[in-house]
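Hello,

Here is the structure you are taking over. Please open it first, then read the notes below with it on the screen.

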Amino acid sequence: GAITLPRHLEFDSQMLSQTTDEPLYCAEQIKIPPELPSILKEFTKAAIRTQPSDLVKWSHGYFKALAVGERPPVKDRFEIVPETSHPGKLTQGTLKILHQQLGSRGAVSKATMTEKWNHLGLDPDQLIELLGLGDFGEEFDWLKFLALSCSSLQNNITSAMVIICEILTSLPEGGAAQIPLDIFECL
């Protein structure tokens with residue numbers, strides 16, 4: 001049957017037409033771009049995989065990257081983060097995203113790093129701490145920043161190097177995370 005709304009919730013089309021000069025729209029008047037459903041589907045899957053701590057900031061970074069032809073800040077797969085970890089904490093997954101976005105540049109500006117960091121919803125204090133620890137200037141070597149960031153995730157150099165190798169390897173997951181010897185020696 002019909003749903004009866006309380007009087008104060010009833011829709012009064014006469015009152016609406018008196019309060020606005022804008023026409024009412026019907027489904028036939030609204031044109032949906034054909035690519036919108038697939039864009040929203042990919043965005044939703046990326047948000048679920050990445051689990052950003054600040055969805056709005058992350059969404060801004062996601063769509064900005066798409067608009068300029070860059071790789072969006074998306075994790076390759078879902079990463080389980082311990083519940084004891086506070087939101088916005090750097091993880092191996094977020095470092096991998098940063099590497100995918102910045103690794104090909106070699107040198108990275110502090111402004112670019114800050115922008116990408118914020119798009120991921122990461123704690124700005126943690127970035128300030130890492131930049132200070134590395135005594136990085138306005139522009140710095142990405143691999144040195146990556147190495148310092150990986151060491152901040154672990155209690156020993158061996159575990160940090162494993163993370164670095166897993167991020168830098170071009171080999172498929174599940175096998176040995178090999179990287180070129182010259183890069184390993186540099187780190």
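**A loop residue and its distant partner**

Lys89 sits in the loop that runs between helix 3 (55-67) and helix 4. Before going further, please keep in mind that this is a predicted model. Is Lys89 buried, exposed or partly exposed? Its relative accessible area is 33%, so Lys89 counts as partly exposed, since that label covers values that are neither under 20% nor over 50%. Setting aside residues up to four places away in sequence, Lys89 touches Leu122 and Gln126.

Which residue lies 36 places from Lys89 along the chain, with the two C-alpha atoms separated by 10.0 Å? That residue is Asp125. Asp125 belongs to helix 6. With a relative accessible area of 54%, Asp125 is exposed, whereas Lys89 is partly exposed.

**The chain as a whole**

The chain has 187 residues, and 30% of them are buried. Its secondary structure consists of 9 helices and 2 strands. If you follow the sequence, these elements come in the order α-α-α-α-β-α-α-β-α-α-α. The surface exposed by the chain is about 12,500 Å², and 57% of that is supplied by carbon and sulfur atoms. Among contacts with a separation of 6 or more, 52% join residues that are 24 or more positions apart.

**The core**

The largest nonpolar core holds 31 residues. Which of its members touch the most other members? They are Trp58, Leu98, Met113, Trp117, Trp142 and Phe145. The elements that give two or more residues to this core are helix 2 (36-50), helix 3, helix 4, helix 5 (110-119), helix 6 (124-133), helix 7 and helix 8 (157-168).

Trp58 is a good one to click on. Apart from neighbours within four places in sequence, Trp58 is in contact with Phe43, Ala46, Ala47, Thr50, Pro52, Pro73, Val74, His119 and Leu120.

**Helix 4**

How many of the 11 residues of helix 4 are buried? The count is 8, so helix 4 is mostly covered. The buried ones are Gly93, Thr94, Leu95, Ile97, Leu98, His99, Gln101 and Leu102. They pack against helix 2, strand 1 (107-109), helix 5, helix 7 and helix 8.

**Two helix pairs**

Two packed helices are described by the angle between their axes and by the distance between those axes. Please look at two pairs in this way.

The first pair is helix 4 (residues 92-102) with helix 7 (residues 142-153): they pack at an angle of about 175 degrees, and their axes are 11 Å apart. That makes helix 4 roughly antiparallel to helix 7, because an angle over 145 degrees counts as roughly antiparallel. On the helix 4 side, the contact involves Gln92, Leu95, Leu98, His99 and Leu102. These meet Trp142, Leu146, Ser149, Cys150 and Leu153 in helix 7. Sorted by class, this contact of helix 4 with helix 7 has 7 nonpolar, 3 polar and no charged residues.

The second pair is helix 3 with helix 5. Their axes come within 7 Å and cross at roughly 120 degrees. Helix 3 is therefore oblique to helix 5. Helix 3 contributes Lys57, Trp58, His60, Gly61 and Lys64 to the contact, and helix 5 contributes Glu115, Asn118 and His119. By class, the residues in this contact of helix 3 with helix 5 are 1 nonpolar, 4 polar and 3 charged. Trp58 appears here again, after its place in the list of core residues that touch the most other members.

**Two residues with positive phi**

Two residues remain to be checked in the backbone. Gln51 has a phi near 50 degrees, a positive value in a residue other than glycine. It is found in the loop between helix 2 and helix 3. With a relative accessibility of 48%, Gln51 counts as partly exposed.

Asp135 also has a positive phi, about 50 degrees, although it is not a glycine. Where does Asp135 lie? It is in the loop between helix 6 and strand 2 (139-141). Asp135 counts as exposed, at 69% relative accessibility.

Regards

Key
Residues are numbered from 1 along each chain as its sequence is written. This is a predicted model: local features need pLDDT of at least 70, side-chain atom pairs count only at pLDDT 80 or more; totals for chains, interfaces and linings use all residues. Side-chain values use heavy atoms; hydrogens and water are left out. Axes are lines fitted to C-alpha atoms, for helices over the stretch in contact, and angles run from 0 to 180 degrees between N-to-C directions. Helices (H or I, at least four residues) and strands (E, at least two) are DSSP runs, numbered from the N terminus. Angles under 35 degrees count as roughly parallel, over 145 as roughly antiparallel, 65 to 115 as roughly perpendicular and the rest as oblique. Contact means heavy atoms within 4.5 Å. Ala, Val, Leu, Ile, Met, Phe, Trp, Tyr, Cys and Pro count as nonpolar, Asp, Glu, Lys and Arg as charged, and the others, Gly among them, as polar. Buried means under 20% relative accessible area, exposed over 50%, partly exposed in between (1.4 Å probe, protein chains only). Accessible areas come from the Shrake-Rupley method with a 1.4 Å probe; for residues, only the protein chains shown count as cover. A nonpolar core is a set of buried Ala, Val, Leu, Ile, Met, Phe, Trp, Tyr and Cys residues joined through side-chain atoms within 4.5 Å.
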